[in-house]
Amino acid sequence: MKHLRNILFLVASITSLTLTSCKKWLDVRPKTEIKESEQFSTEQGFKDALYGSYQKAADGQLYGGYLTFSFLEVLSQGYDNTTKIDHDFFYAATYQYTNAGITGIINSIWSNMYATIAQTNYILKNIDNKKSIFTADNYNIIKGEALALRAFIHFDLLRLYAPSPKSDATATAIPYMTSFTVTPQARLKVSEVITLCEKDLKEAEALLKVYPQMSNPGGNDDFLAFRNNRMNYWAVKALLARLYLYNNDKVQALAYAKEVIASNNFRFITSGELTTNAVDLNRTFTPEHIFSIYVSKLKDPVSSYFMMATGDKMYKKFTITEERRKAVFETAAGGSTDIRFVSNSLWGVSNGIIFPSKLWQVDENRESLKKRIPVLSLSEMYYIAAESEPAPAEGLKWLNKVRAARNIIELPAGLDATTLQNEIFKEYRRDFICVGQLFYYYKRLNLAKIEGALNGTINNTQYVLPLPNQEIEFGK
């Protein structure tokens, strides 16, 4: 987007494991950096710093790649060919985290996530002292988004580098960085990190309440536009629903999921929006996006992983066999009418090979539809509601609403809790292709099997990514 400026503000390599002298580091001032006092002397400076946080999160080593359609989706066993020995992601698909290439990915995710957190903490460090420079509701919006983004990234760090609460809520997890510092911080317990995520999100919720709108019709300031690409008021509520379910607090999870659904700010995609000409195809279901990551150069990695060109090698591609696709969508049991299966817009065939085309970028100029990777979606709120209802009969109602929107028959009444949970799992497999969320589903429930994995029993050896060696050596 035009307002996503190419800035770099004091985040180059700062993480909880950075040991470089603070003074020496601050004395270095590349042309792309400016002094803290200058950056935060105007409201626009705060806006630019916030844009920089989102831009950092959209990097290919975070949500623009590793944490969505590549590394994390491979851990979910979302593709068929990654378990072949010659595939670039074979060691990820088989959870061999000590492989040098995979260790590099894991360390990169850690350092870049904490670098993004450092950016949000610099905003939060300065914003209260500059409250008088803000116009309208921008103080609340900027501070609220920074807090929410900080919680969002910490929560995903927790989901990656620590056991799930169901497995061990008392396990030592990760540092929760609430200030900018190069001093290593103590790693907290899983339950303590969740409490701090909740605290940040509740404060963000209160701040962002001043602007619950998802658009800025007629406004001259694009800061209030593109709210789906920001940690907006409803994204905070949706993230709280996800957080509470992860912590098995189904009462709160249900309440927040229902709030997001009832807001009527989001709707399910229609079949017509998936059958128009190639330019207008809405492959990522943008009306359902509560929060999505805007990736300015998404076409490059998507073309590399999900399309075939002359000379391309299969060991660099992500594919799904027709047999697997039919099994996931249960075409023999009525799933052949599912718009996610039948729509040609979501599947591409090249030289007889099937690729998920959910993220294909046919026309990069259509920014309202392109360059977006969904992170929090309306369908997930329905799945959370379905799983959180005390009575299976009530949960089934939520699930059937999604099935109706996807053009598949409703499930019959009378399902028990176990059967309902299995049907929810099937929906996660169908709905979150290419976005990596299925791995978190398996981990949250501490399931002993991941569909498609070559490994036998799955446990925390596979579910918990190893900490970087520097963090183990120098961290607390």
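A residue counts as partly exposed when its relative accessible area falls between the buried limit, under 20%, and the exposed limit, over 50%. Arg 267 offers a handy first case: its relative accessible area is 40%, and it is therefore partly exposed. The side chain of Arg 267 meets that of Glu 273 in a salt bridge, with an N to O distance of 2.9 Å. The same scale of burial is helpful throughout the description that follows.

The structure is a predicted model. Its mean pLDDT over the chain is 89, and 88% of the residues reach 70 or more. Some care is due at the start of the chain, where pLDDT stays under 50 over residues 1-32. For that stretch the model has 67 contacts beyond four places in sequence.

Turning to the overall make-up, the chain has 476 residues, of which 58% count as buried. Its secondary structure consists of 20 helices and four strands. Among contacts between residues at least 6 apart in sequence, 71% join residues at least 24 apart. The accessible surface of the chain comes to about 19,000 Å², and carbon and sulfur atoms account for 51% of that area.

The interior is a good place to look next. The largest nonpolar core has 150 residues, and those with the most contacts inside it are Phe 71, Ile 109, Leu 158 and Tyr 161. Helix H7, spanning residues 138-161, gives the most to this core, with 15 residues. The surroundings of Phe 71 can be spelled out: leaving aside residues up to four places away in sequence, Phe 71 touches Gly 65, Tyr 66, Phe 89, Ala 92, Ile 102, Ile 105, Ile 106, Ile 109 and Leu 465. One of these partners, Ile 109, is also listed among the core residues with the most contacts.

Helix H7 also carries charged side chains. Asp 156 and Arg 159 both lie in H7, three residues apart, about one turn of the helix. Their side chains meet in a salt bridge with an N to O distance of 2.7 Å. Asp 156 has a relative accessible area of 2%, so it is buried, and Arg 159, at 3%, is buried as well.

A second pair within a helix is found in H9, residues 190-208, where Glu 205 and Lys 202 are three residues apart and so are separated by about one helical turn. The salt bridge between their side chains has an N to O distance of 3.5 Å. The two ends of this bridge fall into separate classes of burial. Glu 205 is buried, because its relative accessible area is 10%, whereas Lys 202, at 34% relative accessibility, counts as partly exposed.

In total, the count comes to 28 salt bridges. Some of them join into a network that links Glu 288, Glu 330, Asp 338, Arg 340, Arg 406, Glu 423, Lys 426, Glu 427, Arg 430 and Asp 431.

Another charged residue worth a visit is Arg 444, which has its place in helix H18, residues 437-444. With a relative accessibility of 8%, Arg 444 counts as buried because the limit is 20%. Beyond its neighbours within four places in sequence, Arg 444 is in contact with Ser 164, Lys 166, Leu 245, Tyr 246, Glu 387 and Tyr 428.

Among the strands, E2 (residues 347-350) and E3 (residues 353-356) pair in the antiparallel sense over four bridges. Within this pairing, Trp 347 has Pro 356 of E3 as its bridge partner. The two strands form a hairpin with two residues between them, and Asn 351 in the turn has a positive phi of about 55°.

Backbone geometry of this kind deserves a closer look. Most residues other than glycine have a negative phi. Tyr 95 has a positive phi, near 60°, and is placed in the loop between helix H5 (90-93) and helix H6 (100-127). Its relative accessibility is 6%, so Tyr 95 counts as buried. Cys 434 likewise has a positive phi, near 75°. Cys 434 is found in the loop between helix H17 (417-431) and H18, and at 0% relative accessibility it counts as buried.

Note on methods. Residues are numbered from 1 along each chain as its sequence is written. This is a predicted model: local features need pLDDT of at least 70, side-chain atom pairs count only at pLDDT 80 or more; totals for chains, interfaces and linings use all residues. Side-chain values use heavy atoms; hydrogens and water are left out. A nonpolar core is a set of buried Ala, Val, Leu, Ile, Met, Phe, Trp, Tyr and Cys residues joined through side-chain atoms within 4.5 Å. Buried means under 20% relative accessible area, exposed over 50%, partly exposed in between (1.4 Å probe, protein chains only). Contact means heavy atoms within 4.5 Å. pLDDT is the predictor's confidence in each residue, from 0 to 100. Accessible areas come from the Shrake-Rupley method with a 1.4 Å probe; for residues, only the protein chains shown count as cover. Two strands pair if DSSP finds at least two bridges between them. A salt bridge is a side-chain nitrogen of Lys or Arg within 4 Å of a carboxyl oxygen of Asp or Glu.
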